[in-house]
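Me: I should like a close look at the helix packing in this protein and at the nonpolar core that goes with it. Please give one connected account, with the reasoning where the geometry calls for it.

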Amino acid sequence: MAMLFPHFPFQGDETPVSWAARMSALHGSPNLRSFLADQRISPSDLLHGRQAVIERLCEVGGQDPAPVWRNTASSEGNQCFRLRGEIIPASMLSREETRFCPLCLHEDDAGGSNPGPLRWDRLIWSLRVVTTCPTHHLPLIYRGREHRENMLHKLILHVPERGEDLLALVEDVPRREDSPLQAYVLRRLDGHKGPDWLDGQTLEQAVKATQMLGLVMAFGTTINLSSVDRDDWDLAGRVGWEWVAQGEQGLHAAFRELQASAFARGQGGQNYFTVFGQLHRWLLEPGDRSDHGPIKQVLRDYILKNMDVCVGRKLLGKPVGRRQKYSVQSLAVETGLHRQTLCKVLIERDLIAAADAGKPYSILLVDAEKAREAAAALSRAVPLVQLPTLLNATRPIVTCLIGLGLLTPLHRSVGENTRDKCGLDARELNQLMDRIHALAPELTYLPTEWVNLTQCTKRARIPMRQLLQMILQGGIKKTGRAMGEPGFNALRFDIEEIRLRAS
Ligand SMILES: [Zn+2]
């Protein structure tokens, strides 16, 4: 194969097809196809980036193959290409249209009078994620090629405008920064590192995760994918970047925002689609699209940690082993307790904000361990009316014990005459009984002049509340109960010691 040109330099940012087209223009060939035929190069092999073809072209152009090979997207089969060590699926490449920046072409044209060999197709224009010229900060212009064959046309055929006409294309177009996602992809292709979370994924996974997250963050979870145009995808990439650049932490923050906004709408529960919308639907896509990258696991971890789940059922492909949160609904189902009462108990324990009481039970969430404790307390509940009997105490004593916080109703009902409906945890009652029994032990001989609590308040003129506080503080020596008699009414005291302590 003869060298046609002493040296026809390849531009460092151009595609091999562009270079071949420029050579064909310089050679005077009617089109690239006939030029390739003259050089016995198969157009298909050129489009597939076969190494032998690149080497042949370099021979023709007297060019070192290294920079050409560096810009070659070489087919790996199965609709995938390899570019600089990165696997790029055909879907990430723009092969059906010509994309260009008029100012870049205008600068190319300045090199002479014949734009054919002067204008070159930038490699970055062929990447879908690239939407803005990083040199001129202009949105790229798109022109349909109608047929794949047209990939072989010279740039001047797709963009016939020259001089003033070329400048007119961008006359009123506002400048814009290139998207940080575009910048990341280009930096990565140039061998730069970071952010780590994205570097750990294929380029396709990194781009798709950023765009899908950004899509729901920018347009809402119910966005219809068929209505998303390329400017929307570009915006989605920009918005998604804000979160993914922070790695898993950023993703969790985004998921929290989505969950909070669903909660405000009264949605959530185990219906993850209403919370994460299209992002969740995308992650459920089966088949070839199943390898979504690490975002799937990050979302799964988030749901496990922060949402109601169904143990044993599959969540994003894997069964759930253990729950970390209950909703009031799922807790009621599991324990058989009444949802409304359970919710009141959880509010009383500050596990649910009182302001959220009107929300659906399926979206009110509680830490699993605390939820189980609350449910167990409720299942042990005894009604208030039984307290005098169970504690062997008068009603005023019971009222004081509750007032002092020594006994805590499981929930407080609003309105009058509803208190009797409140329950108390039987375990708390038993603990209080053990405590007073320890303070006032059983005595075989109980001095007959010792008095009970009611007599004590009257004769020592101390309010019951103060007397109970004093006793429970401990330190009273002359106190006890008759053998086998439990509860508050069985307690006996030496009135003189009480008087002394109270003074
Ligand atoms: Zn430009």
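Reply: The account below takes up the core, then three helix pairs, and then several individual positions.

The model is a predicted one. The largest nonpolar core has 92 residues, and those with the most contacts inside it are Leu213, Val244, Leu342 and Leu346. Helix H12 (residues 203-219) provides the largest share of this core, eight residues. Another core, of 19 residues, lies apart from it and has Phe10, Ala21, Phe35 and Leu36 among its members. As a general matter, nonpolar side chains in soluble globular proteins tend to be buried together.

Two packed helices are described by the angle between their axes and the distance between the axes. H12 is a suitable place to begin, and its packing with helix H15 (residues 272-283) comes at an angle of about 155°, with the axes 8 Å apart. An angle over 145 degrees counts as roughly antiparallel, and H12 and H15 are therefore roughly antiparallel to each other. The crossing in which H12 passes H15 is right-handed. On the H12 side the meeting residues are Met212, Leu213, Leu215 and Val216, and on the H15 side they are Phe276, Gly277, Gln278, Leu279 and Trp282. By class, this contact of H12 with H15 holds seven nonpolar residues, two polar and no charged. Leu213, a member of this contact, is also one of the residues with the most contacts inside the largest core.

H12 also packs with helix H10 (residues 180-189), here at an angle of about 170° and with the axes 11 Å apart. That angle makes H10 roughly antiparallel to H12. Leu181, Val185 and Arg188 of H10 meet Leu203, Val207 and Thr210 of H12. The contact of H10 with H12 is made up of four nonpolar, one polar and one charged residues.

The third pair consists of helix H18 (residues 339-348) and helix H19 (residues 368-379), whose axes come within 10 Å and cross at roughly 120°. Angles under 35 degrees count as roughly parallel, those over 145 as roughly antiparallel and those from 65 to 115 as roughly perpendicular, with the rest oblique; H18 and H19 are therefore oblique to each other. H18 passes H19 in a right-handed crossing. From H18 the contact draws on Thr341, Leu342, Val345 and Leu346, and from H19 on Ala374, Ala375 and Leu378. Six of the residues in the contact of H18 with H19 are nonpolar, one is polar and none is charged.

Leu342 and Leu346 take part in that contact, and both are named among the residues with the most contacts inside the largest core. With neighbours within four places in sequence left aside, Leu342 is in contact with Val328, Leu331, Ala332, Leu337, Ala375 and Leu378. Of these partners, Ala375 and Leu378 belong to the H19 side of the helix contact.

Some individual positions complete the picture. Phe263 is found in helix H14 (residues 247-264). It has 18 other C-beta atoms within 10 Å and is partly exposed, since a residue counts as buried with 20 or more such atoms and as exposed with 12 or fewer. Outside its neighbours within four places in sequence, Phe263 is in contact with Gly268 and Ile363. Phe263 and Pro294 are 31 residues apart in sequence and 26 Å apart in space, C-alpha to C-alpha.

Val385 sits in the loop between strand E10 (381-383) and helix H20 (387-391). With 13 other C-beta atoms within 10 Å, Val385 is partly exposed. From Val385 to His252 the separation is 133 residues in sequence and 48 Å in space, C-alpha to C-alpha.

The backbone also has features to note in loops. Pro195 lies in the loop between H10 and helix H11 (196-199), and the peptide bond from Gly194 to Pro195 is cis, with omega near -5°. Arg84, in the loop between strand E2 (80-83) and strand E3 (86-89), has phi near 50°, a positive value in a residue other than glycine. Arg84 is partly exposed, with 15 other C-beta atoms within 10 Å. Leu316 likewise is not a glycine, yet its phi is positive at about 45°. Leu316 belongs to the loop between strand E6 (314-315) and strand E7 (318-319), and with 17 other C-beta atoms within 10 Å it is partly exposed.

Methods
Residues are numbered from 1 along each chain as its sequence is written. This is a predicted model: local features need pLDDT of at least 70, side-chain atom pairs count only at pLDDT 80 or more; totals for chains, interfaces and linings use all residues. Axes are lines fitted to C-alpha atoms, for helices over the stretch in contact, and angles run from 0 to 180 degrees between N-to-C directions. Helices (H or I, at least four residues) and strands (E, at least two) are DSSP runs, numbered from the N terminus. A crossing is left-handed if the near helix is turned anticlockwise from the far one by less than a right angle, and right-handed if clockwise. Two residues are in contact if their C-beta atoms, placed from the backbone, lie within 7 Å. Ala, Val, Leu, Ile, Met, Phe, Trp, Tyr, Cys and Pro count as nonpolar, Asp, Glu, Lys and Arg as charged, and the others, Gly among them, as polar. A nonpolar core is a set of buried Ala, Val, Leu, Ile, Met, Phe, Trp, Tyr and Cys residues joined through C-beta atoms within 7 Å.
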